[in-house]
Amino acid sequence: MAPAGFLWCVAALLVVRGRADEHEHTYQDKEEVVLWMNTVGPYHNRQETYKYFSLPFCGGSKKSIGHYHETLGEALQGVELEFSGLDIKFKDDVMQTTYCEIDLDKPTRDAFVYAIKNHYWYQMYIDDLPIWGIVGEADENGEDYYLWTYKKLEIGYNGNRIVDVNLTSEGKVKLVPNTKIQMSYSVKWKRSDVKFEDRFDKYLDPSFFQHRIHWFSIFNSFMMVIFLVGLVSMILMRTLRKDYARYSKEEEMDDMDRDLGDEYGWKQVHGDVFRPSSHPLIFSSLIGSGCQIFAVSFIVIIVAMLEDLYTERGSMLSTAIFVYAATSPVNGYFGGSLYARQGGRRWIKQMFIGAFLIPAMVCGTAFFINFIAIYYHASRALPFGTMVAVCCICFFVILPLNLVGTILGRNLSGQPNFPCRVNAVPRPIPEKKWFMEPAVIVCLGGILPFGSIFIEMYFIFTSFWAYKIYYVYGFMMLVLVILCIVTVCVTIVCTYFLLNAEDYRWQWTSFLSAASTAIYVYMYSFYYYFFKTKMYGLFQTSFYFGYMAVFSTALGIMCGAIGYMGTSAFVRKIYTNVKID
């Protein structure tokens, strides 16, 4: 009963929501509407955020209301809601009213001046609708600094629901030491025709995400897919047919003619092509993890297409964590079955490495950045309870489900049913031209897959690192499908040329040639940082490059697994259709 209760608590932590009017999104006339103050931080550093009241702002006189992190995604994204103390009631206009007074001593003025110099702005929430406002501004010479002291709120309602919120900052007051500054607000309610379901549409940017460049990139990628599929089809239908004809002719020769004949090509390595890869434990763990990442990506994109996840704080991250935990059997199944087929005996060790490979990478990066966040007193610093929750999910959800998948994989598809026998003694690998070496193939293999997705990478990066809401998940699904097809086609072509050069080390080559896409994505992230953003500072820079490294590595593992699975089917197919002595 205790484990079941614990799992229920973990699931509740992921998806539970509190009970309040702002969660039901319906109000009675004169009913209280809560204005939450979230975070404040530099405009150019989106992830460098601090609690709103870390600046010496003052709050209203109303009794404080506590807020707890409703989902794991909220806690991980640094959402820190604090009650503003402002008295706002549904459909009840408020004229300009002073709600507090700031005593502008030297430390207080210095804090505001620093914030204005660094273009600080803050975020608020009313009924889950985000509102942004700027702290202040400097004059043209940068000598005098001004604070916006008047929050002018205009709230639109449709029936008993809030559908629109706008903030106008007014009351520019010069920051003079040892003076008092009065902070004020007003509320104007207006009827709106916006439907409740469409109230987030104003935050979307169709002119950016549905630009013709976006459509052109999809069309360009489709052309690349057609070309590559045609190339692979030509290899399969024409080149292989000639190979089969040549090998069939060799079967009819006597031993003397065969010895004098020109034997070469992929048939010659039939006794070694299904030899277990080097380091099978790590290899099978990577393949299992890649299959799981693909499953998570596919499911989360479908959920995002069906549900508007951007309307709930942290819901995308919470959904990804939940789906990742739920798809752990996929990791165990593919990793465990591959390890068994390659003759591995330390299956428990393989299961642990497969289960914790991705979580260890993500958590290691997060905990490193967390130390910097704690030093900066940023809202991104993870609470201890959140760390414990993540560890509990790894040990009590991911690991048991991975064990189930591993046992199923070993029993259902763990038998090595290869079409060719494996020779006892490995065949020596002949010398070949430099461009046929596995290292060269690996470096070149990621260029075309990266070329098919790099435009989409720009839109994804902009939505995450800048102030855009990504909502065109249909585009993302198309790009994922295109990436899979291009990756499989490229790795099949690379593997065919490698085997034709009588080099049977195709397993790692197929994985790494597809995974090298990650190198190009990470290189592109450097270009994006220096030429497309104005980020600065240790915290934001480490956050950017740390999580871009995690993203690129996960993408590389996924592409590598896709490339290997497609190539494995290709290799098995061609060796099944040829006669082997």
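**Strand β1, two positive phi values and an acidic patch**

At 39% relative accessibility, aspartate 308 is classed as partly exposed, since that category lies between the under 20% of buried residues and the over 50% of exposed ones. Please bear in mind that the model before you is predicted. Aspartate 308 sits in the loop that links α8 (280-306) with α9 (315-326). On the surface, Asp308 belongs to a patch of negative charge together with Glu197, Asp198, Asp201 and Glu307.

I turn next to the backbone. Most residues other than glycine have a negative phi. Histidine 25, which is not a glycine, nevertheless has a positive phi of about 60°. Its place is the loop between α2 (21-24) and β1 (35-42). Histidine 377 likewise shows a positive phi, near 60°, and is located in the loop between α11 (347-376) and α12 (384-413). Are these two histidines buried or exposed? Histidine 25 is buried, because its relative accessible area is 10%, whereas histidine 377, at 67%, is exposed.

Finally, let us consider β1. Of its 8 residues, 8 are buried. Which strands pair with β1? Strand β5 (residues 120-126) runs antiparallel to β1 and is joined to it by 6 bridges; within this pairing, glycine 41 has tryptophan 121 as its bridge partner. Strand β3 (residues 82-83) is also antiparallel to β1, with 2 bridges, and here tryptophan 36 stands opposite phenylalanine 83. Strand β2 (residues 50-51) is joined to β1 by 2 bridges, again in antiparallel fashion, and valine 40 is partnered by tyrosine 50 of β2.

How values were computed. Residues are numbered from 1 along each chain as its sequence is written. This is a predicted model: local features need pLDDT of at least 70, side-chain atom pairs count only at pLDDT 80 or more; totals for chains, interfaces and linings use all residues. Side-chain values use heavy atoms; hydrogens and water are left out. Patches are made of residues with over 30% relative accessible area and no salt bridge: like charges are joined within 9 Å, nonpolar side chains (Val, Leu, Ile, Met, Phe, Trp, Tyr) within 5 Å. Accessible areas come from the Shrake-Rupley method with a 1.4 Å probe; for residues, only the protein chains shown count as cover. A salt bridge is a side-chain nitrogen of Lys or Arg within 4 Å of a carboxyl oxygen of Asp or Glu. Lys and Arg count as positive and Asp and Glu as negative; His and the chain ends are not counted. The place of a charge is taken as NZ of Lys, CZ of Arg, CG of Asp or CD of Glu. Helices (H or I, at least four residues) and strands (E, at least two) are DSSP runs, numbered from the N terminus. Buried means under 20% relative accessible area, exposed over 50%, partly exposed in between (1.4 Å probe, protein chains only). Two strands pair if DSSP finds at least two bridges between them.
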